[in-house]
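Please read these points with the model open beside you. They go from the strands to the helices and then to the largest pocket.

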Amino acid sequence: MISLQATKTALVLIDLQKGITGLPLAPTPGAMIVERSKELTARFRAAGAPVILVNVAFSPDFADAVHAVVDRSFSPPGGFAPDWAELVDGLAEPTDLRVTKRQWGAFYGTDLDLQLRRRGISTIVLGGIATNLGVESTARAAHEHGYNVVLATDVMSTFTEEMQRFACEEIFPRLGHVTTSDAIALDA
């Protein structure tokens, strides 16, 4: 068990939105990640700890998207559905903070760091989709910003089991504590 002080800990969930949770994911389907995330958000809210829901979205003309030259860009077949960036139904509560990012990580170009620091948060618990993209990018930035990072591997998934394994076994232990959501206790 990892005991965390509720007043100094926030739950940050990455990209649990309609256009991403329905993609083919491994090792865990998006619907199961969403259900586990709902359970975890309920525990955080009950303890009085902030819940921060991050989504990725772009303007209609994509002028705010990253335009770097890459070998493989991401663009779903047929483009993005109109509700692609909306959080999945039943996840958000009015008390939750919301952050919209325009790239993989949730720190750069957003007010996430400001929101955390102004609330006295020193530890973040991370989950979401995709493990080795949005979650890992956010975990790296959190570590670089000096936050304690707890990575709840049962509330994250990606595109292949190998991607998940590498992030969870090789990268995350160098950025924080790797655990499961049921091993996280919130103290008042």
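**Notes on the sheet and the pocket**

1. E2 and E3 pair in the parallel sense, and 4 bridges hold the pairing. At one of the positions, Leu-11 has Val-51 in E3 as its bridge partner. Please keep in mind that this is a predicted model.

2. On its other pairing, E3 is joined to E4 by 5 bridges, and these two strands also run parallel. Asn-55 has Thr-100 in E4 as its bridge partner.

3. How many residues of strand E3 are buried? The count is 6 of the 6, over residues 51–56, so the strand is largely enclosed by the rest of the structure. Buried here stands for under 20% relative accessible area.

4. The side chains of E3 can be sorted by direction. Val-51, Leu-53 and Asn-55 point one way, while Ile-52, Val-54 and Val-56 point the other way; all are buried. The background is simple: in a regular strand, side chains alternate between the two faces of the sheet.

5. In what order do the 6 strands of the open sheet lie? The order is E4-E3-E2-E5-E6-E7, with parallel pairing. Strand E4 (97–101) and strand E7 (177–179) are the edge strands, each pairing on one side only. On average, and with direction ignored, neighbouring strands of this sheet are turned by 25° against each other.

6. At the E7 edge, strand E6 (residues 148–157) is joined to E7 by 3 bridges, and the two run parallel. Within this part of the sheet, Val-150 stands opposite His-177 in E7.

7. Helix H4 (residues 131–144) packs on the sheet and touches strand E2 (9–14), strand E5 (123–129) and E6. The direction of H4 makes about 165° with that of E5. Helix H5 (residues 161–171) lies across E6 and E7, and runs at about 160° to E6.

8. Next comes the open space. Rolling a probe the size of a water molecule over the atoms shows where empty space is left. The largest pocket holds about 970 Å³ of space.

9. Which residues lie nearest the centre of the largest pocket? They are Arg-72, Ser-73, Phe-74, Trp-104 and Leu-133, out of 27 residues that line the pocket. By class, the lining has 18 nonpolar, 5 polar and 4 charged residues.

10. Helix H4 appears here again: with 3 residues, H4 gives the most to the lining of the largest pocket. The helix that packs on the sheet against E2, E5 and E6 therefore deserves a second look in the viewer.

Notes:
Residues numbered from 1 in each chain as written. Predicted model: local features only at pLDDT ≥ 70, side-chain atom pairs only at ≥ 80, totals over all residues. Heavy atoms only, no water. Pairing = 2+ DSSP bridges. Axes fitted to C-alpha atoms, helices over the stretch in contact; angles between N-to-C directions. Contact = heavy atoms within 4.5 Å. Buried < 20%, exposed > 50% of the residue type's maximum accessible area, 1.4 Å probe, protein only. 1 Å grid on protein atoms, 1.4 Å probe; cavity = no way out; pocket = protein on both sides within 12 Å on 5 of 7 lines; lining within 4 Å. Points joined across faces, edges and corners; volume = space filled by probe spheres on them. Nonpolar A, V, L, I, M, F, W, Y, C, P; charged D, E, K, R; others polar.
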